[in-house]
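Biologist: Could you take me through one part of this protein in detail? I would like a close look at the pocket and what surrounds it.

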Amino acid sequence: MTDVNGLSIAILGGTGDQGKGLARRFALAGHPVLIGSRSAQRAQEAADSIGSGATGDENAAVAARADIVIVAVPYEGHKALLESLRDVLAGKIVVDCVNPLGFDKQGAYALPVEEGSAAQQAAAVLPGSRVVAAFHHVSAVLLMDPAVDKVDLDVLVLGDDREATDLVRALAEAIPGVRGVYGGRLRNAYQIEALTANIISINRRYKAHAGLRITDI
């Protein structure tokens, strides 16, 4: 497995539940973690709540300093944020975990994306970056729970760059209990993002924090 020790990780939108949860687990695993937000103050407050050496700043500042950048912003602001950071993110591995979802009285449902998926939208906006899709189905509740030592799930990793997907698979496995599994090319990211709506429905029905496990590998 690829060596990811010491790699710094910026999380854009790191003040949200999923971003903060990932930040916490990576910081506990010994990675330098930089939490990004539109507000440097909010980012630093989130970093202080996590501890383990995490720091916070505006999105552009943390993106510039990090080795790997994880995008965990709400879908509504996804494209505009990445467009504003195109030059800063050039040459970097950008991990997109955004799920384009809508919600109504019947629950969660997948939204159409012109480019096919949020990850493909990121790749279109960031032609100079190495875009990988991953971390879509990780429960923020479990990531933040100090009583949960191991997170029992597989992270599906998709992308067109073998070296980048191998690195993100290894990064996923820095979280105890997690296995990184290659899930196909970036063009297959739509159904991975959309599946989040099904998992939300499962969690609501069974009052659980469900994840995925892939068998026979």
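Modeller: Happy to; here is the largest pocket, followed by a helix pair that includes part of its lining.

This is a predicted model, where local features need pLDDT of at least 70 and side-chain atom pairs count only at pLDDT 80 or more, while totals for chains, interfaces and linings use all residues. Residues are numbered from 1 along each chain as its sequence is written, and side-chain values use heavy atoms, with hydrogens and water left out.

The largest pocket holds about 1000 Å³ of space. Here a pocket is an open set of points on a 1 Å grid over the protein atoms alone, where a 1.4 Å probe fits, with protein on both sides within 12 Å along at least five of seven lines; lining residues have an atom within 4 Å of a point. The volume is the space filled by probe spheres set on the points, which are joined across faces, edges and corners.

Of its 36 lining residues, Asp-17, Gln-18, Ala-72, Pro-74 and Asn-99 are the closest to the centre. H9 (189–206) is among the elements supplying at least two lining residues, as are H1 (17–28) and strand S2 (33–37). H9 gives the most, four residues. Helices (H or I, at least four residues) and strands (E, at least two) are DSSP runs, numbered from the N terminus.

H1 also meets helix H2 (residues 40–50): their axes, lines fitted to C-alpha atoms over the stretch in contact, come within 10 Å and cross at roughly 50°. The two helices are therefore oblique to each other, a word for angles from 35 to 65 or 115 to 145 degrees.

Terms used. Axes fitted to C-alpha atoms, helices over the stretch in contact; angles between N-to-C directions.
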